[in-house]
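Student: Hi! I'm new to this one and would love a quick tour. Can we look at it together?

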Amino acid sequence: LRKSAEPLADMLLKPSHIIFCLLFFTIFITCKKNDNAKISEIDNLKSQTEVQNLIRKNFKDLSKYEVKKIQDFKRNDFVCEANVKLADELGVNESFYRTDFDKNGFTDLLIIGDDFSCYGGMDESCSFRPIVLLNFGNEKYKIVNISQNFDDYYTPKIVSKNGQNLLEIYRTRIKDWENKITYKNPQKQILAYKFDDFIEYNSNNQNYIPIQKIEFSTSGCYGTCPVFDLEINQNQDAKFIAKQFNFNKELETWSDKNEGTFQTKIKDKDFNTLIKLLAYIDFPQLENNYSVNWTDDQTVELKIIYSSGKIKTISDYGASGSYGLKKVYKLLFDLRQNQNWKKIDEK
């Protein structure tokens, strides 16, 4: 009996085996800790009411947000009705879906609902607003609007491609409004969470387009849209001509006199983000003209000189040509406020 027990004792007491067991136990505990660190209250939400309460609690501007399925939008609206049918065909029949869009390990939410920001006849809501709730842990969240325009019915669906969770956006294409006839195949866009927003997915992450100069200008609108010209050279030198409504968020009296001319060197981080974004959306392949289907809005003009003298010009009435372009415009608008501009004498 003693002899048969000795090999087992020897095996258990070998230092190499003890070290291996300790190492395995340490790795196991570490993994369990990391798993627990990624769990948040979102993972415990079970109903659309709980999701709705989370949104209302954390975002004051969404205090009336109602979470509901696309099928619950009972509106006497042809496009709305067509979107309900499309959602049925695509199997999108829940009010919220879970995934991780930004690869930070925390569960995000794709949420379908109504923010009651628009009212039509008989005081009926005319707003349809799916959103994405990004989760950063410790009850820190960010809402991302995934509607391209304010009057926009569509069906969002989560897909996975090349190891990334993406959004597919489907929109019904209207063939005959009068007779309520739609095309068989809907319009489809694939969006990725990049540059802190959802933009059109590009599988080619190696795009490089040498940009020599960016020129951006905006027109007025029926309101107080900022009117300005902006030039950025490849050495990051920039010129900003502020014309109207650039420094006052409140309504102000129109004047023919410009608000000033300014210059600066764009900060490295902001410049590099802008250049990378333009390359990612493959701007030379975009349309030259875009336009929304309403009036009294602003027109933006984007001119890019690249690749030893090539020129790409985009005119966009409504500034909503694509998800990627909307993000480019936002970065350019933000440059007016987040750079160290120095006013210069106008000549």
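Tutor: Happy to! Keep in mind that this is a predicted model. A good place to start is helix α5 (residues 268-280), which packs with helix α6 (residues 323-338) at an angle of about 165°, their axes 10 Å apart.

Student: So how do α5 and α6 run, roughly parallel or roughly antiparallel to each other?

Tutor: Angles over 145 degrees count as roughly antiparallel, and therefore α5 and α6 are roughly antiparallel.

Student: And is the crossing of α5 and α6 left-handed or right-handed?

Tutor: The crossing of these two helices is left-handed.

Student: Which residues in α5 meet α6?

Tutor: From α5 you have Asp270, Thr273, Leu274, Leu277 and Leu278. Across from them in α6 are Gly324, Lys327, Val328, Leu331, Leu332, Leu335 and Asn338. By type, the residues of this contact are 7 nonpolar, 3 polar and 2 charged.

Student: Switching topic: how many residues has the largest nonpolar core?

Tutor: That core has 40 residues, and Ile232, Ile281 and Leu302 have the most contacts inside it. The elements giving two or more residues to it are β13 (211-218), β14 (227-233), β15 (237-244), α5, β18 (299-306) and α6.

Student: Where does the largest share of this core come from?

Tutor: From α6, with 7 residues.

Student: What is Ile232 in contact with?

Tutor: Setting aside neighbours within four places in sequence, Ile232 is in contact with residues including Ile214, Ala238, Ile266, Phe271, Leu274, Leu332 and Leu335.

Student: Which residues does the second core include?

Tutor: That separate core of 25 residues includes Ala87, Leu110, Leu134 and Tyr153.

Notes:
Residues numbered from 1 in each chain as written. Predicted model: local features only at pLDDT ≥ 70, side-chain atom pairs only at ≥ 80, totals over all residues. Heavy atoms only, no water. Axes fitted to C-alpha atoms, helices over the stretch in contact; angles between N-to-C directions. Helix = DSSP H or I, 4+ residues; strand = E, 2+ residues; numbered from the N terminus. Parallel < 35°, antiparallel > 145°, perpendicular 65-115°, else oblique. Left-handed = near helix turned anticlockwise from the far one by under 90°. Contact = heavy atoms within 4.5 Å. Nonpolar A, V, L, I, M, F, W, Y, C, P; charged D, E, K, R; others polar. Core = buried A, V, L, I, M, F, W, Y, C linked by side-chain atoms within 4.5 Å. Buried < 20%, exposed > 50% of the residue type's maximum accessible area, 1.4 Å probe, protein only.
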